[in-house]
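Ready for a little practice in reading a fold? Take a look at the structure below, keep it open beside you, and try each exercise before reading its solution.

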Amino acid sequence: MPESMGTVTMPRGAWSAAGALAGVAGLAVSHAMTMGLTLRSSPVVAVAEGVLRHVPEVSDDRLGTIIGPESTGPAVVLLVIVLLLCAMWAGRRAERAWWQPIPIWLGMAGICLVGVVTNPEATALDFLPVTAGAVTWIVALSFLSEPLHRIEPEEDTPVHGRSRRNFLIRGGVLALAGVGTFIFGESFGKVRRHVEQSRRLLNLPVTDRLPREGITVGVEELPPWRTPVPEFFIEHTAVATPAIEPLEWSLRIHGMVENEIVLTYQDLLDHKIVERWTTLSCAKNDVGGDLIGNAWWSGVLIAPLLKEAGVLAGADAVLQTSHDGWTCGTPLEALTDRNRRAMLAVAMNGEPLTLDHGFPVRTLVPGLYGHVSACKWVVDFEVTRFVDIEAQPTQEGWSEQGEVLMGSRIDVPESGVEVESGRLVVAGYAWAQHLGVSGVEIAVDADAWQRVDLGEVPNTDTWVQWRTEVDLEPGDHVLRVRGVALDGHVQTGVRRDPKPEAGTGWHEIEVTVR
Ligand SMILES: Nc1nc2c(c(=O)[nH]1)N[C@H]1C(S)=C(S)[C@@H](COP(=O)(O)O)O[C@H]1N2
Ligand SMILES: [Mo]
């Protein structure tokens, strides 16, 4: 930049430039964070998608679709331009006082936040990129404002020159950092997109299945018996979901075995695929909670693999390790028990596992809680003894054996609702995995327990739907539910917190009859 431009013109434009640079840096940070956390889309993209969801399609014969759900690209470009104009405005406000641009930054962040939270798939993590972007905007602009404030437009002193150089250096550093951050985010995102692509292209020898007639009890408001994958609970400690190429995946079976085995994804698929309905539940689930789901799982039985490896006498556990470093200890007996049919699952409801549910391979052991068994992104099986290991959940105070306790839940009606007097349909789910549910009972207020109707089940490892009708007097009522297992034992009413083993107690709801 020629020296002569300095004194008068540079500062004005410089404030806008500072704002724009800060704006770019914030967008780069939020983009990189989105990719790093393997979230679905950056805040800006989320806003663009949100807006497009509400505009009617506009098309033009020559140009094709101008606006519409397909045109996220142009919408994103437009939005970035608008945001950068706002950022330049914020930069000019910074000339007056340091706090002046803050409302503008917060307004911009607010728009992004609305875009993010209105996305149907948003999770709590989606807030992070917006927040990080907003903090970057504020910090980056202060960083650039500092030397600019020392430039007095009417003077040309040595201090002025130094400050201008200082400003240019800071601006350069920030621009480089922004570009670097963006490239880092893109490369991160590319890995994930590539794995998503590999997942889509897989053609697994698996089938899909819907529940046969008789399983559902005909209450529409009940959550589906076969939990759709997008509604299936997700529980893991990994902040960034691992993205693993099937071709790069392998499982090592070692430890107390005669022959160590390493299986690639193709090796795994060369085994016979077994398929089965199984309910998976989390020990963290509160009574009445939804950390439980039921799916049609496809995979390879673990028992024959362990037999092939030749388990040595004395072993009683398998320490499973995930690609993300998470570990869990699984009772060996549950893995080798042929009735239990523990599997290395590759598909859920007829589709390859999603990345969040453990793509490409996760363990599934019917009747055991997830924290002792259902290792996602599993890469290592060490045959061992419980006395020699301490898996992550056990260190955190969770039980070591993790056998699923009998449970039951009232889903319909919702607790707290007001209903008309007359017959009221009451329905829900019960489970006693591996043991099987023989009956479900509900009680209204202090009345006696009464049996309800059960749906059918394909095996004892799935949950069962139940339904009944009750006549309630006007007023407030409490309804509670309990299960009875096939071996005759009745679900305990003793209230206990989930940690260490699992929550117990009967699920209760309140209804008001008009
Ligand atoms: N790698 C890994 N696998 C994991 C976990 C985890 O934190 N990391 N959580 C476990 C727990 S506690 C549960 S309940 C199940 C949940 O499986 P889902 O997210 O597919 O429903 O995964 C298990 N597998
Ligand atoms: Mo869990």
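Three exercises follow, all on this predicted model.

**Exercise 1. Surroundings of T279**

Work out whether T279 is buried or exposed, and find what its side chain reaches.

*Solution.*
- Step 1: Place the residue. T279 belongs to strand β5, which covers residues 274-281.
- Step 2: Check its accessibility. The relative accessible area of T279 is 2%; buried means under 20%, so T279 is buried.
- Step 3: Look for polar partners. The T279 side chain has a polar contact of 2.8 Å with the side chain of N294. It also reaches the backbone nitrogen of W463, at 2.8 Å.
- Step 4: Add the wider contacts. Leaving out residues up to four places away in sequence, T279 touches residues including I292, G293, Q433, D461 and T462.

**Exercise 2. An open sheet and its helix**

Trace the strand order of the five-stranded open sheet, then find the helix that packs on it.

*Solution.*
- Step 1: Follow the pairing. The order is β4-β3-β12-β7-β8, with mixed pairing.
- Step 2: Find the edges. β4 (261-264) and β8 (327-331) each pair on one side only, making them the edge strands.
- Step 3: Judge the twist. Ignoring direction, neighbouring strands of this sheet are turned by 20° against each other on average.
- Step 4: Zoom in on one pair. β7 (residues 317-322) and β12 (residues 378-384) run antiparallel and are joined by six bridges. Within this pair, T321 has D380 in β12 as its bridge partner.
- Step 5: Add the helix. Helix α8 (residues 302-309) packs on the sheet and touches β3, β4 and β12. The direction of α8 makes about 140° with that of β4.

**Exercise 3. Salt bridges**

For the salt bridges E420 with R514 and R451 with E441, say where the partners sit and how accessible they are.

*Solution.*
- Step 1: Start with the total. The whole structure contains 21 salt bridges.
- Step 2: Take E420 and R514, whose side chains meet at 2.7 Å, N to O. E420 lies in the loop between β14 and β15, while R514 is in the segment after β21, 94 residues apart. E420 is exposed at 54%, and R514 is partly exposed at 48%.
- Step 3: Turn to R451 and E441, with closest N and O atoms 3.3 Å apart. R451 sits in strand β17 and E441 in strand β16, ten residues apart. R451 is partly exposed at 48%, whereas E441 is buried at 11%.
- Step 4: Finish with a network. Salt bridges with shared partners connect R423, R467, E469 and D471.

Notes:
Residues numbered from 1 in each chain as written. Chains lettered and ligands numbered in written order. Predicted model: local features only at pLDDT ≥ 70, side-chain atom pairs only at ≥ 80, totals over all residues. Heavy atoms only, no water. Helix = DSSP H or I, 4+ residues; strand = E, 2+ residues; numbered from the N terminus. Buried < 20%, exposed > 50% of the residue type's maximum accessible area, 1.4 Å probe, protein only. Polar contact = N/O pair within 3.5 Å; in protein donor to acceptor, adjacent residues only side chain to side chain. Contact = heavy atoms within 4.5 Å. Pairing = 2+ DSSP bridges. Axes fitted to C-alpha atoms, helices over the stretch in contact; angles between N-to-C directions. Salt bridge = Lys/Arg side-chain N within 4 Å of Asp/Glu carboxyl O.
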